[in-house]
Amino acid sequence: MNWIYIEDIADFKDQEVEIRGWLYNKRSSGKARFLLVRDGTGILQGTLFSPERDHPLFKKFDSLTQESSLIVRGRVKEEKRAPGGFEIEIQDIEVLQIAKDYPITPKEHSTPFLMEHRHLWLRSRKQHAILQIRTELIKAIRDFFDGRGFRLMDTPILTPSACEGTTTLFETEYFDQKAYLSQSGQLYNEATAMAFGKVYCFGPTFRAEKSKTRRHLIEFWMVEPEVAFATLNDIIELGEDLVVSIIERILEKNKNELEVLERDTKPLERIKRPFPRITYDDAVQKIKKKDSKMEWGDDFGAPEETLLSEIFDLPVCVTHFPAKIKAFYMQPDPERSELSLGVDMIASEGYGEIIGGGQRIHDMNLLEQKIKEHKLPREAYEWYMDLRKYGSVPHSGFGLGIERTLAWICKTKHIRETIPFPRLLYKIYP
Ligand code: 4AD
Ligand code: MG
């Protein structure tokens with residue numbers, strides 16, 4: 001018999017097929033038996049009718065427990081009332097393994113319990129929907145950049161130096177040297193941009209961040225475009241286009257998943273270019289009016305980002321930050337050198353910063369001075385300074401955090417649900 005996936009069921013109307021999966025749920029009433037089988041691509045109803053009380057298939061059916069693995073064979077029937085519009089009239093059930101006492105039952109469980117069982121929790125409907133959107137999100141991002149002629153450049157994970165400040169580095173041994181897990185592919189991307197014009201990297205990044213918030217992961221995925229000759233303004237427009245394009249894609253392709261998540265899609269449907277822009281100076285003014293203790297020169301914390309996102313119903317781009325709260329590589333504002341040409345895009349609905357980026361220093365002497373000011377070991381950055389020695393050009397880029405973006409799109413309470421196996425502060429199990 002033909003093994004098919006549930007997502008393709010509509011192509012097999014009135015045919016005999018085989019579904020391989022796990023028991024999601026079941027119920028009996030008199031001469032009828034109903035089961036829900038899930039195969040990773042969907043959930044399908046199976047039906048069984050017999051006047052014989054001890055029909056052999058009923059016996060098998062009765063032995064099935066939640067998450068038992070099985071193969072169901074039968075005929076596909078259109079059935080308007082069934083979830084998905086199709087069901088299977090069961091002719092045979094083959095039991096592969098009976099699952100005993102599956103720990104995640106339909107009742108409510110505490111989040112610590114579910115996190116302990118993350119390897120199983122992934123099978124639950126909402127978790128499945130979030131990660132299904134994640135795969136589409138990643139595809140949409142790749143399509144966006146590939147469609148615009150960007151070259152994908154994989155940057156290293158083991159690195160000899162810091163990109164985003166030395167306080168959040170994961171140190172490891174590298175034979176007789178020290179190495180750090182990458183915080184960002186940016187510095188390497190600046191080199192590949194000089195070789196390929198416009199590039200992006202897409203990979204895991206690591207921050208030993210001692211902050212326990214709903215927005216921070218220790219290991220997260222970031223897509224980072226870098227464009228030679230681009231200015232701050234160019235890169236903001238690129239970021240807006242990217243965000244609009246991925247939201248459009250998810251709204252088109254993931255209607256079912258958004259419905260499972262009970263996500264109100266109206267705020268997402270509103271998202272069109274251009275996004276509001278505001279300078280750091282103005283943002284601080286607005287935030288102070290909203291009863292915050294923030295002073296000029298402080299970085300935004302989660303409460304400040306939330307206050308800002310309440311003012312706008314689109315994502316907002318904050319620019320011209322004080323240089324001292326930003327990374328060493330940021331190009332200073334030519335009019336006020338204490339500011340840097342950086343941008344943070346703050347998502348709407350209180351989801352915080354999803355993009356961080358800006359224009360990079362392209363002057364050799366200035367870069368040298370900043371490396372010194374930030375007390376970074378010069379020898380680790382010699383290659384990076386070479387980019388300013390040999391054909392230096394203005395250039396800009398940004399990083400978009402996948403999990404932050406997904407948390408916003410899905411409106412999840414906590415970022416930990418947006419990656420299959422989250423790495424959290426002091427938590428590395430499973
Ligand atoms: O603002 P960040 O630190 O910028 C950079 O790393 C730049 N080097 C990127 C570049 O210009 N190429 O990080 C960029 C984005 C943030 O806006 C956020 O979405 C995400 O990465 N991010 C995190 N996501 C989850 N957990 C964390 N701990 C994160 N830190 C940053
Ligand atoms: Mg940032």
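Here are some short exercises on a predicted model, each followed by a worked solution.

**Exercise 1. Find the domains of the protein chain and say how far apart their centres lie.**

Start with the bounds. The domain assignment gives domain 1 as residues 2-97 and domain 2 as residues 118-418. Next, take the C-alpha centres: those of domain 1 and domain 2 are 45 Å apart.

**Exercise 2. Describe the largest pocket: its volume, its central residues and the elements that line it.**

Step one is the volume, and the largest pocket holds about 1300 Å³ of space. Step two is the lining, which is made of 48 residues; closest to the pocket centre are Glu164, Arg207, Glu209, Asp299 and Glu353.

Step three is to see which elements give two or more residues to this lining. They are the strands β12 (219-228), β15 (339-346), β16 (353-360) and β17 (395-401), together with the helices α10 (302-311) and α13 (402-410). With six residues, β16 gives the most.

Finally, sort the lining of the largest pocket by class. You should arrive at 20 nonpolar, 15 polar and 13 charged residues.

**Exercise 3. Which residues are closest to ligand 1, and which polar contacts can you list for this ligand?**

Begin with the surroundings. Ligand 1 has 25 residues around it, and the closest are Glu164, Gln186, Arg207, Glu224 and Glu353. Keep Glu164 and Glu353 in mind, since both come back in the contacts below.

Now go through the contacts one by one:

- Glutamate 164 has a side-chain N or O atom 2.6 Å from a nitrogen atom of ligand 1.
- Leucine 217 uses its backbone: a polar atom there is 2.9 Å from a nitrogen atom of the ligand.
- Glutamate 353 has a side-chain N or O atom 2.6 Å from an oxygen atom of ligand 1.

To finish, ask how much of the ligand is covered. Taken alone, ligand 1 exposes 630 Å², and the protein buries 94% of that.

Glu164 and Glu353 also link this exercise to the previous one, as both are among the residues closest to the centre of the largest pocket.

**Exercise 4. How many cavities of 30 Å³ or more does the whole structure hold, and what lines them?**

The search finds two. Let's take them in turn.

The largest cavity has about 60 Å³ of space. Its lining consists of Thr159, Ser161, Cys163, Ser182, Gln183, Ser184, Leu187, Tyr188 and Trp383. Sorted by class, that makes four nonpolar and five polar residues, with no charged ones.

The second largest cavity has a volume of about 30 Å³. Around this cavity are Ile235, Ile236, Gly239, Cys317, Val343, Met345, Ile355 and Phe398. Here the classes come out as seven nonpolar residues, one polar and no charged.

For the elements, look at α6 (232-253) and β15, each of which supplies at least two residues of the lining of the second largest cavity. The helix α6 gives the most, with three residues. Note that β15 also gives two or more residues to the lining of the largest pocket.

**Exercise 5. Which residues are joined by cis peptide bonds, and where does a residue other than glycine have a positive phi?**

First, recall the background: most peptide bonds are trans, and phi is negative for most residues other than glycine.

Then check the bonds. Arginine 273 and proline 274 are joined by a cis peptide bond with omega about -10°. Proline 274 sits in the loop between α8 (266-269) and β13 (277-279). Another cis peptide bond joins tyrosine 429 and proline 430, with omega about 0°. Proline 430 belongs to the segment after α13.

Last comes phi. Aspartate 14 is not a glycine, yet its phi is positive, at about 65°. You can find aspartate 14 in the loop between β1 (2-3) and β2 (16-29).

Methods:
Residues are numbered from 1 along each chain as its sequence is written. Chains are lettered from A and ligands numbered from 1 in the order in which they are written. This is a predicted model: local features need pLDDT of at least 70, side-chain atom pairs count only at pLDDT 80 or more; totals for chains, interfaces and linings use all residues. Side-chain values use heavy atoms; hydrogens and water are left out. On a 1 Å grid over the protein atoms alone, a cavity is a set of points where a 1.4 Å probe fits but cannot get out, and a pocket is an open set with protein on both sides within 12 Å along at least five of seven lines; lining residues have an atom within 4 Å of a point. Grid points are joined across faces, edges and corners, and a volume is the space filled by probe spheres set on the points. Helices (H or I, at least four residues) and strands (E, at least two) are DSSP runs, numbered from the N terminus. Ala, Val, Leu, Ile, Met, Phe, Trp, Tyr, Cys and Pro count as nonpolar, Asp, Glu, Lys and Arg as charged, and the others, Gly among them, as polar. Domain bounds come from an automatic or database domain assignment. A residue is near a molecule or strand if one of its heavy atoms lies within 4 Å of it. A polar contact is a pair of N or O atoms within 3.5 Å; within protein, one must be able to donate a hydrogen and the other to accept it, and residues adjacent in sequence count only if both atoms are side-chain atoms. Accessible areas come from the Shrake-Rupley method with a 1.4 Å probe; for residues, only the protein chains shown count as cover.
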